[in-house]
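User: I'm new to reading protein structures and would like to go through one step by step. Could you put it up and take my questions?

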Amino acid sequence: MPMSSTPESTQLPQCPEHGLTVKWICNQCGKPICSDCKPVAFNYQVFHPNCLDVVNRKTEKKSNKKNSGTPSPGVKAVAWFLLIMAVVLFGAALLLIGVAVFSRHYVPMLTWMSGSISTLDDIPGGRIFLGWMGFIAMAASVIHVFVGVGLLNCLQAARRTLLVVCWIEILLAGFGWMIVLMAGGGFWDVPAVAVFFVIYFSRPKVRRQFEHVSELIEVHR
């Protein structure tokens, strides 16, 4: 109900509780308010003290419902991107481990690069290297799954893990640039995706999606 302007005293009823002339109308319950009712002004409106508590609870409930752990479309897109990458990494890990353990064939890429037919056994430590690469890809796929599922559930730990991994990639890229400058050659790694994730997940609107869920977890503990 919109706030009523204060009419003349002859047009206003008497307060049923204090018998004084009514000066306002409560914007929550619609009942008259006099000066002895201890009126409270809020957001350009006048309320009984108890009615203002009701308004605050409703506002808080709507806010909690809005931020109830539902990720925004941007967070969902990043989460599903990480989950797809987890599947790709897991497949690559199985392929590398399978080649390292069971393969007795030639290595096509090395054959094309060197012009000669090479097998894994001809390369010192070739099988061990492929095995380690497979285990690293497997571990990376597990991290991607954890972060992806965590982002879909707005877990603060998932957001922080993603930021830590991105910062490590950015620092390693900067270290690599220093080596390239000193050596005069090499590969320039540009961590564009990591920089995007750091900027996006540091935005206040994105952070708030995870802070609410973290507060609920602390309350349940």
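Here is a run of short questions and answers about this predicted model.

User: Let's start with the big picture. In what order do the elements of the chain run from the N terminus on?

Analyst: Keep in mind that this is a predicted model. The chain has seven helices and four strands. Reading from the N terminus, the elements run β-β-β-β-α-α-α-α-α-α-α.

User: What share of the residues in the chain is buried?

Analyst: A residue counts as buried when its relative accessible area is under 20%. The chain has 221 residues, and the buried ones make up 29%.

User: And the contacts? What part of those with a separation of 6 or more comes from residues 24 or more positions apart?

Analyst: Here you look at contacts in the chain with a separation of 6 or more, and ask how many join residues 24 or more positions apart. That part is 50%.

User: Does the length of α5 fit its number of residues, or is there a mismatch? What is the distance between its end C-alpha atoms?

Analyst: α5 has 28 residues, so at 1.5 Å a residue it should span 40 Å. That agrees with the model, where the end C-alpha atoms are 41 Å apart.

User: Which residue with a positive phi follows α5?

Analyst: α5 covers residues 156-183, and among its buried residues are Leu162, Cys166 and Ile170. After the helix comes a residue with a positive phi, near 80 degrees: Gly184.

User: Now α4. What span should it have at 1.5 Å a residue?

Analyst: α4 has 27 residues, and its end C-alpha atoms are 39 Å apart. This agrees with the span you'd work out at 1.5 Å a residue, which is 39 Å.

User: Which residue that follows α4 has a positive phi although it is not a glycine?

Analyst: Look in the loop between α4 and α5. The residue there has a phi of about 55 degrees, and it counts as buried because its relative accessibility is 0%. It is Cys154.

User: Staying with α4, how far apart in space are Gly148 and Ala79?

Analyst: Gly148 sits in helix α4 and is buried, with a relative accessible area of 0%. Leaving out residues up to four places away in sequence, Gly148 touches Ala79, Leu82 and Leu83. Gly148 and Ala79 are 69 residues apart in sequence, yet C-alpha to C-alpha the distance is 4.2 Å.

User: Is Val54 buried, partly exposed or exposed?

Analyst: Val54 belongs to helix α1, residues 49-66. Between Val54 and Gln28 there are 8.3 Å in space, C-alpha to C-alpha, with 26 residues of separation in sequence. The relative accessible area of Val54 is 27%, and the in-between class starts where buried, under 20%, stops and ends where exposed, over 50%, begins. So Val54 is partly exposed.

User: Is Gln209 buried or exposed?

Analyst: Gln209 is found in helix α7. Not counting residues up to four places away in sequence, it touches Thr70, Pro71, Ser72, Val75 and Cys154. Its relative accessible area is 11%, so Gln209 is buried.

User: Which elements give two or more residues to the largest nonpolar core?

Analyst: That core has 19 residues, and those touching the most other members are Val75, Val78, Leu151, Leu162, Phe201 and Phe210. The elements that give two or more residues to this core are α2, α4, α5, α6 and α7.

User: How many residues are in the second, separate core?

Analyst: Its members include Cys15, Val46, Leu52 and Val55. The count for this core is eleven.

User: On to the pockets. How much space lies in the largest one?

Analyst: Its lining has 14 residues, and the closest to its centre are Leu82, His144, Leu162, Val165 and Glu169. The lining divides into twelve nonpolar, one polar and one charged. At least two lining residues come from each of α2, α4, α5 and α6. The space in the largest pocket is about 280 Å³.

User: Last one: what is the volume of the second largest pocket?

Analyst: The residues lining this pocket include Cys15, His18, Cys29, Cys37 and His48. The lining divides into six nonpolar, three polar and two charged. The volume is about 210 Å³.

Technical notes. Residues are numbered from 1 along each chain as its sequence is written. This is a predicted model: local features need pLDDT of at least 70, side-chain atom pairs count only at pLDDT 80 or more; totals for chains, interfaces and linings use all residues. Side-chain values use heavy atoms; hydrogens and water are left out. On a 1 Å grid over the protein atoms alone, a cavity is a set of points where a 1.4 Å probe fits but cannot get out, and a pocket is an open set with protein on both sides within 12 Å along at least five of seven lines; lining residues have an atom within 4 Å of a point. Grid points are joined across faces, edges and corners, and a volume is the space filled by probe spheres set on the points. Ala, Val, Leu, Ile, Met, Phe, Trp, Tyr, Cys and Pro count as nonpolar, Asp, Glu, Lys and Arg as charged, and the others, Gly among them, as polar. A nonpolar core is a set of buried Ala, Val, Leu, Ile, Met, Phe, Trp, Tyr and Cys residues joined through side-chain atoms within 4.5 Å. Buried means under 20% relative accessible area, exposed over 50%, partly exposed in between (1.4 Å probe, protein chains only). The expected span of a helix is 1.5 Å times one less than its number of residues. Contact means heavy atoms within 4.5 Å.
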